[in-house]
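Colleague: I've got a new model open and I'd like to learn how to read its chain contacts. Can you walk me through it?

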There are 4 protein chains.
Amino acid sequence: MTLPLPDVQASSPDIKINLTRVGVNNVKKLVEVARPNGKRPVILISEFYIYVDLPSDIKGANLSRNFEAMYEVLEEALNMPIYEVEELCSEVARRVLQLHEYASTAEVGMKCEYMLKRRTPVMKISCQEPATIFAEAKAFRTDNNDVRIKKTIGAEIVGITTCPCAQELMRDKATEELTKRGVAKEDLVTFLDAVPLATHNQRGRGILSLEVKDDIKLPLGRIISIIEQSMSAKTYEILKRPDEAEVVATAHKKPMFVEDCVRAMAKRVVESFNELPDDSIVSIKQINEESIHQHDAVAERIASIGDLRRELKESDAGVA
Amino acid sequence: MTLPLPDVQASSPDIKINLTRVGVNNVKKLVEVARPNGKRPVILISEFYIYVDLPSDIKGANLSRNFEAMYEVLEEALNMPIYEVEELCSEVARRVLQLHEYASTAEVGMKCEYMLKRRTPVMKISCQEPATIFAEAKAFRTDNNDVRIKKTIGAEIVGITTCPCAQELMRDKATEELTKRGVAKEDLVTFLDAVPLATHNQRGRGILSLEVKDDIKLPLGRIISIIEQSMSAKTYEILKRPDEAEVVATAHKKPMFVEDCVRAMAKRVVESFNELPDDSIVSIKQINEESIHQHDAVAERIASIGDLRRELKESDAGVA
Amino acid sequence: MTLPLPDVQASSPDIKINLTRVGVNNVKKLVEVARPNGKRPVILISEFYIYVDLPSDIKGANLSRNFEAMYEVLEEALNMPIYEVEELCSEVARRVLQLHEYASTAEVGMKCEYMLKRRTPVMKISCQEPATIFAEAKAFRTDNNDVRIKKTIGAEIVGITTCPCAQELMRDKATEELTKRGVAKEDLVTFLDAVPLATHNQRGRGILSLEVKDDIKLPLGRIISIIEQSMSAKTYEILKRPDEAEVVATAHKKPMFVEDCVRAMAKRVVESFNELPDDSIVSIKQINEESIHQHDAVAERIASIGDLRRELKESDAGVA
Amino acid sequence: MTLPLPDVQASSPDIKINLTRVGVNNVKKLVEVARPNGKRPVILISEFYIYVDLPSDIKGANLSRNFEAMYEVLEEALNMPIYEVEELCSEVARRVLQLHEYASTAEVGMKCEYMLKRRTPVMKISCQEPATIFAEAKAFRTDNNDVRIKKTIGAEIVGITTCPCAQELMRDKATEELTKRGVAKEDLVTFLDAVPLATHNQRGRGILSLEVKDDIKLPLGRIISIIEQSMSAKTYEILKRPDEAEVVATAHKKPMFVEDCVRAMAKRVVESFNELPDDSIVSIKQINEESIHQHDAVAERIASIGDLRRELKESDAGVA
C-alpha cells in the first residue's frame with residue numbers, strides 16, 4: 001500500500017537560501033560493542049545526530065524519506081567493535097551523502113556512556129568506572145563526485161586533580177608554624193619531604209579527541225589511557241582503607257592545574273601517536289570542578305599535531 | 001468579546017477516578033526580592049508549580065480559566081521580601097483553593113537561585129555565592145470550609161567537605177614514614193599537631209528545610225547560616241593567595257562525613273529554632289560529590305523537631 | 001597486605017542523632033538484560049542508589065567496608081532478565097541489611113534507559129523507541145530479625161497527546177466559518193465527522209509504577225503496554241508519509257487531557273492487574289510538554305489498587 | 001596584610017606548550033537590567049565564562065590574582081541596560097587582556113534567562129514568557145598593542161511550529177474521505193479552504209545571533225522580534241478559551257519546517273539589519289521537539305550577512 005502522497009519537502013521554497021545543516025539530533029540507538037577475551041558484547045544506548053547541507057532551491061531535507069536508509073546503515077553497522085565507533089559514523093555519513101544527491105556534505109556524530117574496568121591500586125579489587133566516548137564523521141562530496149571523509153574520536157574521563165598552588169601555600173604555612181614551635185630546620189625538611197601536604201582537590205574531567213582522514217586508525221584505548229594518566233589520580237567506585245590511603249597519597253604527590261593536565265595530554269599524544277600525519281587535529285580540554293569555588297576552572301588546546309610536535313621540540317631544545 | 005465557547009473541562013469524565021493533583025509545573029515568573037540597607041530589590045526568575053486535587057466527576061481542572069487568577073496573586077505578591085517567599089506560596093495556595101471550589105487541597109511551590117554576599121576570611125574581599133532557595137505551601141479545606149495551611153521553606157548551599165577517614169589514614173602513613181626516617185616521637189607529635197594533613201575533599205551540598213503551620217515565621221537567613229556552618233568550609237568565588245591558604249587550612253582542620261554534616265545541622269536547628277512547636281518537620285540532607293569516586297555520598301534525616309530535641313537530650317544525658 | 005588502619009566510621013559521634021538514610025547515589029553499573037527469542041542480551045548502564053538507616057551511636061555507615069559486598073550482589077545478579085529488575089533491587093537490599101547489622105532498613109533503587117521495539121502502523125517498519133524503567137526495594141528488619149521487603153517497578157514512556165479543549169474550540173470556529181460561507185448544516189455535520197480537526201499536540205510523558213510485597217510478580221511488559229495505550233498516539237523514530245498520516249490522524253481522533261491519561265492508566269491497571277492484593281500501591285503521573293505554553297501540564301494519582309477498584313465500581317454503578 | 005606567598009602560576013612549566021584558552025566557566029553573577037518606562041530594573045543571575053590564551057612559558061594563568069579585576073569590571077558594568085549586555089562582555093574582555101600582559105586574546109561570554117512581556121491575541125491579557133539571551137566578546141591584541149574586539153549578541157526563544165508535510169497528508173486524507181462520503185468537489189474546496197487542517201505541532205526553539213565589530217550597535221529587541229515572527233505562532237503562559245482558539249488557528253495557518261524557520265529568520269535579518277557591513281556573521285538555528293518522534297529536527301545556517309544578501313538577491317531575480 002503506497003499512496004501517491006504529496007511530497008512537500010521536494011517543492012521549491014519561497015525563500016531561496018542555502019542551509020549549512022539540516023537533520024536530526026538526539027536520536028537514540030542501540031549500538032553493539034565488542035569486549036575483549038570472548039566476553040559477551042555490551043549493547044549500549046548511544047545518542048546520534050545526522051545532518052546534511054541543503055541547497056537554496058529545495059524546501060525540506062526530506063528526512064522522512066531518507067531516515068529509513070540512515071537506520072539501515074546503523075543496523076548493519078551494529079557488529080562493529082567499540083574501538084571503531086568512528087568507522088560507524090564514517091559509514092553512515094558516506095551513505096547519507098549518497099542518498100541526498102543534492103547535498104555536498106554530511107555530518108554524523110554519536111556519543112555514549114562506556115564502562116572502564118579498573119583494579120584498585122593496593123587490594124586489586126575489580127571495579128567499573130563510567131566514561132563518555134564520542135565520534136564524528138564529516139563527508140564531503142569532491143569534484144569528481146567522490147567522497148572524502150574526516151573522522152574524529154574522543155573520550156571524556158573523570159579523575160582527581162589536586163591544586164599545586166594551595167599545596168605550596170600549605171607548605172609555607174607549615175614551615176612558619178613548625179619554625180615557631182622550635183622544630184629544627186633539618187627536621188622540617190625531612191617532614192615536608194616525607195608527608196604529602198594538604199591542598200584542595202576535586203573531580204576533574206579530561207577530554208581528548210583526534211581528527212584524521214578516513215583511512216587512519218585511531219585506537220580509542222590509547223586515547224582513554226592518555227586522559228587517565230594526565231590527572232593527579234584515578235577514581236575508583238570502591239576503595240577499602242588501604243586503597244583509599246594510596247589514592248589520596250598518589251593524588252597529593254602529583255598536584256596539577258588544569259593547564260598542567262592539558263599540557264600533559266598534549267605531550268602524551270605526541271609521544272603516543274607517532275604515526276599520525278602533521279595535519280591531524282588534536283582537541284584537548286580539562287575542566288576542574290573546584291572544591292573551593294562554585295565555578296569551574298578550564299584549560300583547552302586545539303592544534304594540529306604538527307604544531308604540538310614543533311612546540312615540544314623547541315621546548316626540549318630550550319631545556320638542553 | 002466573550003464567545004460562548006465550549007467548556008470541555010467542566011464536563012463529566014468517562015472514567016470517574018479522583019486525582020491526587022492536577023496543575024502546572026515549570027512555570028517561570030519574576031519575583032521581586034527585597035534587599036537590606038536600602039539597596040534596590042533583586043527581581044529573580046523563579047520556577048513555580050501549582051496543583052489542586054480533582055474529584056472523580058470533573059473531567060479537567062480548568063486551568064485555562066483559573067490560571068489568570070493564580071497569576072494575579074503572584075503579581076500582587078511581587079512586593080514581598082525574600083525572607084517571606086513561603087508567605088507568597090501560602091497566599092497563592094489559599095486563593096487557588098478559593099477559586100477551585102471542587103478541590104479540597106492546593107499545593108504551591110517555588111524555587112529560585114539566590115545570591116549570598118560573603119567576604120573572604122583574610123583579605124575581606126566581597127563576593128557573591130549562588131545558592132538555591134525553595135518554598136512550598138499546602139492548603140487544606142477544613143470541615144467548616146475554612147483553610148488550613150502548612151508551609152515549608154528551605155535552602156541548598158554548596159560548601160567544602162574534607163574526609164575524616166582519609167585524613168586519619170594519612171596520619172597513619174605519615175607516622176610510619178617519619179618513624180622510618182628516624183624522627184623522634186616527640187617531634188612527630190609536634191608535626192602532626194601543627195600541620196593539617198592531606199585528605200580528599202570536594203563540593204558538598206547541604207539542604208535544609210522546615211515545615212510549620214501557617215502562622216509561624218521562618219527566617220530564611222537562619223536556615224542559610226545553619227547550612228553554611230555545617231560543612232568543613234565555605235566556597236568563595238575569588239580567593240587571593242592568603243585567603244586560599246586560610247580556606248584550605250580551615251577545611252582540613254574540620255573534616256566531616258555526610259553523616260557529620262547532617263547531625264551538625266540537626267543540632268543547630270534545635271539550638272536556633274527554640275520557638276518552634278514539637279510537631280514542626282525538619283528535613284536535612286547532605287550530598288558530597290566525592291573527588292575519589294564518581295558517585296555521590298548522601299545522608300539524610302527527616303524528623304519532627306520534637307524527636308530531634310529528645311535525641312539530643314538523651315545524647316547529652318549519656319555524655320554526662 | 002592488610003594494614004591495621006584506623007576505623008573512623010565505627011567510632012561514636014559527638015552528636016548522637018539517628019539518620020534516616022546514609023549511602024551512595026548516582027552509582028553506575030552494567031546490568032545485563034535478557035531479550036526474548038534467543039537474541040543476545042542487552043547490557044545496559046543503570047544508575048543505582050543504596051541507603052541504610054544509621055543509629056545515633058555510630059559515626060559513619062562504613063560504606064567503604066560494605067561497598068564491596070553490595071557490588072558482589074550486583075555482579076551475581078547480572079544474569080537476571082530485565083522483567084525482574086525489581087528482584088535485583090530486592091536481593092541487594094536484603095544483603096545490604098545483613099551486612100549492616102546495626103541498620104533496620106535498606107533502600108535500593110535503579111533506573112536505566114530501555115529500548116522498546118515497535119513497528120510503524122502502516123508500513124510496518126521496525127523501529128526503536130527509548131523508554132526509562134526504574135525499580136526500588138525497601139527492606140525492613142522485623143522483630144524476629146527476619147527481613148520484610150516492599151518492591152516497586154515502573155516505567156516512563158513518551159507519547160503524543162492532543163488537546164480535547166482546543167479541538168472543540170476549532171470545531172466551533174469551523175462551524176462558524178463554514179456557516180458564514182453558506183455550507184448546509186447537513187454537509188457541515190458530514191465534514192466535522194469525517195475530518196479530524198486541528199488542535200495543539202505535544203510530547204507527553206506517562207509514568208506508572210506499582211509497589212507490592214516481595215513475593216508478587218510484576219510483569220514490566222504489562223506496565224509499559226498500559227502507559228503506551230493511555231496517550232493519544234505512540235511516537236516512532238521513523239515515519240514515512242503513509243505512517244505519518246496515520247499517526248497524526250490517530251492522535252487527533254483520541255484527544256486527551258493529562259487528567260484523561262492518568263484515569264485511563266488507572267482503569268487499565270485495575271483491569272490488567274486483577275491478581276494484585278488491595279494494598280498494592282499504584283503511582284500514576286502524566287506530564288504534557290504543552291506546545292502552546294512553555295510550562296508543563298501535570299496530573300497525578302497515588303492510591304492503593306483497592307481504592308481505585310472501589311472508585312471504578314462506584315463509577316460503573318453510577319452510570320448504570 | 002600581604003604575605004610573601006609563593007607564586008606557582010608564574011613559574012615556568014615542564015611542558016612548554018601554548019594553550020588556546022585558560023579560565024573560568026559557570027561563574028554566576030548578578031547583572032542589572034534596565035527596563036523601559038521608568039520601571040525598576042530587573043537584576044538577573046547570569047552565567048559567565050572568562051578565558052585568555054596562555055603562552056608556552058607560563059605555568060598557570062594566575063586566575064587567583066586577576067579574578068578580582070575581572071569582577072571589578074563586572075561590578076562597574078552592572079548599570080548597563082540589557083540591550084547592551086554585549087558591551088559588558090566587550091568591556092570585561094578589554095580589561096582582562098590589559099591585566100594578562102602575556103595573553104594575546106581574551107574571550108568573555110554570558111547568558112541568562114530573560115522575561116518577555118506579551119499580550120494574548122484576543123483577550124489582551126498580559127503575560128510573561130521566559131527567553132534566553134546571550135552575548136560574547138573576543139578581544140585580540142593587535143601589533144601596535146592596541147585591542148580589536150568582535151562581539152556577538154543573540155537570543156533563544158520558544159514558539160510553536162506546525163508541520164506542513166503532515167498537514168498536506170491530512171488534506172489528502174480529508175479529500176479522500178469526503179469524496180467517499182459523496183461531498184461535491186466545490187464544497188470540498190470550500191471546506192479545505194475555510195478550516196485549518198490538523199497536523200502535528202510542537203515546541204520549537206529559534207536561536208539567532210549576530211557577530212560584529214566593537215563599534216556597531218546590535219539592538220537585542222530586533223533580534224528577539226525576528227525569532228518570534230519566524231515560527232508558526234507564539235507561546236503564552238495563560239490562554240483563556242478565545243485566545244487558545246486563536247493561537248491554535250494561527251499556528252495551523254502558518255505551517256513551518258525547521259528549514260522554513262531558519263530561512264524566514266535569514267530573510268528578516270537581511271531586511272531588518274540594513275546597516276550591518278557585509279562581513280557581519282549571522283548564526284541561525286531552529287530546533288523542533290517533534291511531537292511524533294522522540295528526537296529533534298534541526299536546521300542551521302551560519303553565514304556572513306553579505307552572503308545572505310547575495311543569495312536573497314539571486315532568489316528574487318530568479319523569481320522575476
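Modeller: Sure, and keep in mind that this is a predicted model. Start with the contact itself: 51 residues of chain A and 51 residues of chain D take part.

Colleague: Which elements give two or more residues to the side of chain A that touches chain D?

Modeller: They are β1 (19-33), α1 (63-76), α3 (164-180), α7 (258-272), β9 (296-304) and α8 (305-319) of chain A. β1(A) has the largest share, with nine residues. By residue type, that side of chain A splits into 27 nonpolar, 12 polar and 12 charged.

Colleague: How is chain A laid on chain D?

Modeller: You turn chain A by 180 degrees and shift it 0.0 Å along the axis, and the RMSD is 0.0 Å. That's the relation of a two-fold axis. In chain A, the C-alpha nearest that axis belongs to A:I302, 11 Å away from it.

Colleague: Why do we say the copies meet through the same surface?

Modeller: Because 100% of the interface residues of chain A are also interface residues in chain D.

Colleague: Now a single helix. What span does α3 of chain B reach?

Modeller: For a helix, compare the end-to-end C-alpha distance with 1.5 Å a residue. α3(B), residues 164-180, has 17 residues and reaches 24 Å, close to the 24 Å expected.

Colleague: Which residues of α3(B) are buried?

Modeller: A residue counts as buried if 20 or more other C-beta atoms lie within 10 Å of its own. In α3(B) those are B:P164, B:C165, B:A166, B:Q167, B:E168, B:L169, B:M170, B:K173, B:A174 and B:L178.

Colleague: And what follows α3(B)?

Modeller: B:G182 does, with a positive phi near 80 degrees.

Note on methods
Residues are numbered from 1 along each chain as its sequence is written. Chains are lettered from A and ligands numbered from 1 in the order in which they are written. This is a predicted model: local features need pLDDT of at least 70, side-chain atom pairs count only at pLDDT 80 or more; totals for chains, interfaces and linings use all residues. Two residues are in contact if their C-beta atoms, placed from the backbone, lie within 7 Å. Helices (H or I, at least four residues) and strands (E, at least two) are DSSP runs, numbered from the N terminus. Ala, Val, Leu, Ile, Met, Phe, Trp, Tyr, Cys and Pro count as nonpolar, Asp, Glu, Lys and Arg as charged, and the others, Gly among them, as polar. The expected span of a helix is 1.5 Å times one less than its number of residues. A residue is buried if 20 or more other C-beta atoms lie within 10 Å of its own, exposed if 12 or fewer, and partly exposed in between; C-beta atoms are placed from the backbone. Copies are superposed by least squares on the C-alpha atoms of residues with pLDDT of at least 70 in both.
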